[in-house]
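Colleague: Could you take a close look at one part of this model for me, namely how its helices pack in pairs? Walk me through the pairs one at a time, and start with how far the prediction can be trusted.

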Amino acid sequence: MANDQSVRRHLDAFTRSRIIGKLEEGRSVTSVAAEFGIAHSIVSRLWRQFQTTGTAIRGFSSGRPRGTTPADDRYIVLQARRNRRQTAGEIARHTTQATGRPISRFTVARRLHGGGLIARRPVRCVPLTPTHRRRRSLWCREQRIWRYNEWGRVLLTDESRFSLSSDSHRILIWRELGSRNHPSNIIERDRYGGRGVLVWGGIMLGSRTDLHIFDAGSVNRTRYCNEIFLPYVRLFRGAMGLQSLFMDDNAPCHRTVTAEQLLDSEDIERMDWPARSPDLNPIEHVWDFLGRRLEARTLPPVTIRELRLALQDEWAAMPQQLIDTLILSMGRSCETCLAVRGDHIPN
């Protein structure tokens, strides 16, 4: 039967007309089927079709009719854009009530995809006040003209927490491609929880520091100076000379008197950095890369020890070209931040 269907599917109009012609001459179905090398049932159905409809041309079905109209499609997309946290099932119920026709969540998902919307986890960002936006804009105006020579002397650092469990709570939103950090797709919050580890790292053009993983406990000024400044930042200053710039954010342990005194004693110049601006720091994309690499592992870490080892491995295996590309994109990030008047950078 599979062969019959395969041959029948490829039976062109000219062959069909020849078969009908021979049958009209009085030939038997069996002899015609043998001559053309096709199944008896195919010739029989073709002859029956000709006798019934007067034509041997194969008809084509238009397929299953659409369950929604163009107006319904626009209504579905509009609902998702008004409330991006609605599920496809909820939108399907609302649309069914509005139109009086049953519409499935699968149909809704297809219409949303056709309208350029995809289901993704919302981005979580720190809240920004008007003062934060103004200072971010001022900083970007100064740094947007920097090129390779300027960024080549900067060590960009940051801390990040990696958890063994996801904090997404399975909340998804509908958004357009390329709109990850658009204000309507962001959840603002200050703190992140979960059992995991806190790490510190530094990146620069052509190099990176080792990944430092803090032991359990909070990071105060003493730990920051002893575990970060002395073994890492001072080494960077010695290698780069007086032209080096050290960048860290405005975390409380970074801005203590002890830290300032240590910087002065080592002749380390600190780069000005606007508050609440992790999206301007290219190392945030490095943390995102590490997180995705951890999730992509065949056996994701399930213990703190496994998590520490996995982070060290992925940090060492990370391509330096990725780091360099991220740092050299800072000028573009500054321009984008200025375009949105200091708000979260969309990407």
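**Helix pairs up close**

Modeller: Confidence first, since this is a predicted model: the chain has an average pLDDT of 87, and 91% of the residues score at least 70. The stretch to watch is residues 1-8, where the pLDDT is below 50. In the model that stretch has nine contacts beyond near neighbours in sequence. Where pLDDT is low, the coordinates shouldn't be read in detail.

Now the pairs, going along the chain. Helix α5 spans residues 70-82 and helix α6 residues 88-99; their axes are 10 Å apart and the packing angle is about 135°. An angle like that makes α5 oblique to α6, and the crossing is right-handed. On the α5 side the contact uses Asp72, Tyr75, Ile76, Gln79 and Ala80, and on the α6 side Ile91, His94, Thr95, Ala98 and Thr99. By class, that contact is a mix of five nonpolar residues, four polar and one charged.

There's a record to set beside this pair. An unreviewed UniProt entry annotates residues 73-142 as "domain: Transposase Tc1-like". Over residues 73-142 the model is 64% helix and 10% strand, with the end C-alpha atoms 46 Å apart.

Next comes α10 (residues 221-240) with α11 (residues 257-265): the axes come within 9 Å and cross at roughly 25°. Angles under 35 degrees count as roughly parallel, so that's what α10 and α11 are to each other. Here, too, the crossing is a right-handed one. Helix α10 brings Arg221, Cys225, Phe229 and Leu230 to the contact, while α11 brings Thr258, Ala259, Leu262 and Leu263. Sorted by type, the contact of α10 with α11 has six nonpolar residues, one polar and one charged.

Last is α12 (residues 283-295) against α13 (residues 304-317), with axes that come within 10 Å and cross at roughly 120°. This pair is therefore oblique, and α12 passes α13 in a right-handed crossing. From α12 you get Val286, Trp287, Leu290, Arg293 and Leu294; from α13, Leu307, Ala310, Leu311, Glu314 and Trp315. There are no polar residues in that contact, just eight nonpolar and two charged.

Notes
Residues numbered from 1 in each chain as written. Predicted model: local features only at pLDDT ≥ 70, side-chain atom pairs only at ≥ 80, totals over all residues. Heavy atoms only, no water. Axes fitted to C-alpha atoms, helices over the stretch in contact; angles between N-to-C directions. Helix = DSSP H or I, 4+ residues; strand = E, 2+ residues; numbered from the N terminus. Parallel < 35°, antiparallel > 145°, perpendicular 65-115°, else oblique. Left-handed = near helix turned anticlockwise from the far one by under 90°. Contact = heavy atoms within 4.5 Å. Nonpolar A, V, L, I, M, F, W, Y, C, P; charged D, E, K, R; others polar. UniProt positions renumbered as here; feature names shortened; annotations may be inferred. pLDDT = per-residue confidence, 0-100.
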